[in-house]
Amino acid sequence: MKALLPRIEISLSQIRHNARILSELHGKKGISLMGVTKATLGDPAIAKAMIQGGVKFIADSRLENIKKMKKAGILTQFVLLRTALSQAEAVVRNVDISLNTELKTVRELSRYAQIYHRIHQIIIMVEMGDLREGILPCDLSQFIKEVLGLPNIKIIGIGCNLACYGGIKPDTKKMGELSTLADTIEKEFPINLEIISGGNSANYEWSESTPQVGRINNLRLGESILLGCETLNRKAIPGLYTSAFKLIAEAIESKEKPSVPFGEICQNAFGVVPTFRDRGIHRRVIIALGRQDILVSGLSPNNDLEILGSSSDHVVLDSHNNACEVGSEVKFNLDYGGLLSAMTSPFITKQFIGSSYIVAA
Ligand SMILES: *Cc1c(COP(=O)(O)O)cnc(C)c1O
């Protein structure tokens, strides 16, 4: 069978390995993991690999992805990372746990949870400075008081999310604050916070370097499991695979040409007047992949190739005088943005490679 192009090659055994190493590493400190699947469009095979690797929950920001994984027979506790008021009914019906910050939404969840005779579990997200989602610590007490009055809703924990919008580092101080908040809440209210979810792949450095993790007993990891790196500095995590995903596309033109366009320069297809560095005559390779498939800045060529630019359907590369014949395959590594866009592109085929069996532990 001829392999399809463009395609993304996915190594499930490498993802499973990454999940296992991270689960063991964090498990030693009493921290459980939620495997975050949103960058993979909720791919059931990837979720399964994460579960085999030891994650205790699967978390996703999209209900559609969670529904897909459930339909495919993935059995685990599902966590919704982003809860919308308008989806309250579907949230109650499809997920076990949702992250929440708005009373209006939790009231709606409570209403549907009563209708469907379910207890819906929530984790309350606290604003710790990154300024994406979260209730300010000063408003937490009032929020909890109100939620405790809502039938069929169970507060099972609190959490925070850093290094996402504001780039704020999850350090000992921030994690200490979250721990203290957990203690304060339990003193004030007759509840037990089972889950204190300290953050995402940006928490790696903190969890590695901190002997005392305090009350933090959970992290929600996507990128570090999938791409093997932490996300404060995008450093590879020792012992993890960093190329479980590879993008492969086809060279459709390969010619020696000048490196500077000739004629009068105006706007390009994206409204930019481009500038060029003269590299003399060189070999230029065009691959059949473009901005409607992928975030081109998220690609890094494997060989000695260099991306010069792109349009909707073409990426132009300097081959650095490698042959790179027409019809040959060009391989790229992906960063998170590249992965996200590749996995959501209807034009890119997904192909699982290597053994789908568990490598002996
Ligand atoms: C996406 C997301 C995560 C996972 O982030 P990574 O950097 O991929 O580990 C964790 N928590 C929330 C709330 C998210 O939206």
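**Exercise 1. Determine which backbone nitrogens lie close to polar side-chain atoms of Glu230 in this predicted model, and whether Glu230 has a salt bridge.**

Solution.

Step 1. The backbone nitrogen of Lys235 is 2.7 Å from a polar atom of the Glu230 side chain. For the backbone nitrogen of Asn233, the corresponding distance is 3.0 Å.

Step 2. Locate the residue in the chain. Glu230 belongs to the loop that runs between α9 (223-227) and β10 (245-257).

Step 3. Consider the charge. Glu230 is buried, and the nearest side chain of opposite charge, that of Lys235, is 5.6 Å away. A salt bridge requires a nitrogen and a carboxyl oxygen within 4 Å. Glu230 therefore has no salt bridge.

Step 4. List the contacts, leaving aside neighbours within four places in sequence. Glu230 then touches Ser201, Tyr204, Lys235 and Ile237.

**Exercise 2. Describe the salt bridge between Glu177 and Lys173, and state how exposed each residue is.**

Solution.

Step 1. The two side chains form a salt bridge with an N to O distance of 3.2 Å.

Step 2. Both residues are part of helix α7 (residues 172-188), where they stand 4 residues apart, about one turn of the helix.

Step 3. Glu177 has a relative accessible area of 33% and is partly exposed. Lys173, at 59%, is exposed, because the limit for that class is over 50%.

**Exercise 3. Determine which parts of the chain are linked by the salt bridges Arg215 with Asp183 and Arg279 with Asp318.**

Solution.

Step 1. In the salt bridge of Arg215 with Asp183, the closest N and O atoms are 2.8 Å apart. Arg215 lies in the loop between α8 (204-209) and β9 (218-221), whereas Asp183 lies in helix α7; the pair links distant parts of the chain, 32 residues apart.

Step 2. Arg215 is partly exposed at 23% relative accessibility, and Asp183 is partly exposed at 33%.

Step 3. Arg279 and Asp318 meet in a salt bridge with an N to O distance of 2.9 Å. Arg279 is in the loop between β10 and β11 (282-288) and Asp318 is in strand β14 (residues 314-318), so this salt bridge ties together parts 39 residues apart in sequence.

Step 4. Arg279 is partly exposed, with a relative accessible area of 26%. Asp318 is buried, since its value of 4% falls under the 20% limit.

Step 5. For the whole model, the count is 14 salt bridges. Arg7, Glu9 and Glu329 are joined in a network of salt bridges.

**Exercise 4. Explain why the largest nonpolar core lies between two domains.**

Solution.

Step 1. This core has 88 residues, and the members that touch the most others are Ile8, Ile15, Ile158, Phe245 and Leu247.

Step 2. Domain 1 (12-227) and domain 2 (245-359) both contribute residues, so the core lies between them.

Step 3. Examine one member. Beyond its neighbours within four places in sequence, Ile8 has contacts that include Phe245, Leu247, Leu334, Leu339 and Ile348.

Step 4. A separate core of 12 residues lies apart from it, with Val36, Phe57, Leu81 and Leu99 among its members.

Step 5. A general tendency is relevant here. In soluble globular proteins, nonpolar side chains tend to be buried together.

**Exercise 5. State how many helices and strands the chain has, and what share of its residues is buried.**

Solution.

Step 1. The chain contains 10 helices and 16 strands.

Step 2. Of its 361 residues, 47% are buried.

How values were computed. Residues numbered from 1 in each chain as written. Predicted model: local features only at pLDDT ≥ 70, side-chain atom pairs only at ≥ 80, totals over all residues. Heavy atoms only, no water. Core = buried A, V, L, I, M, F, W, Y, C linked by side-chain atoms within 4.5 Å. Buried < 20%, exposed > 50% of the residue type's maximum accessible area, 1.4 Å probe, protein only. Domains from an automatic or database assignment. Contact = heavy atoms within 4.5 Å. Helix = DSSP H or I, 4+ residues; strand = E, 2+ residues; numbered from the N terminus. Lys, Arg positive; Asp, Glu negative; His and termini not counted. Polar contact = N/O pair within 3.5 Å; in protein donor to acceptor, adjacent residues only side chain to side chain.
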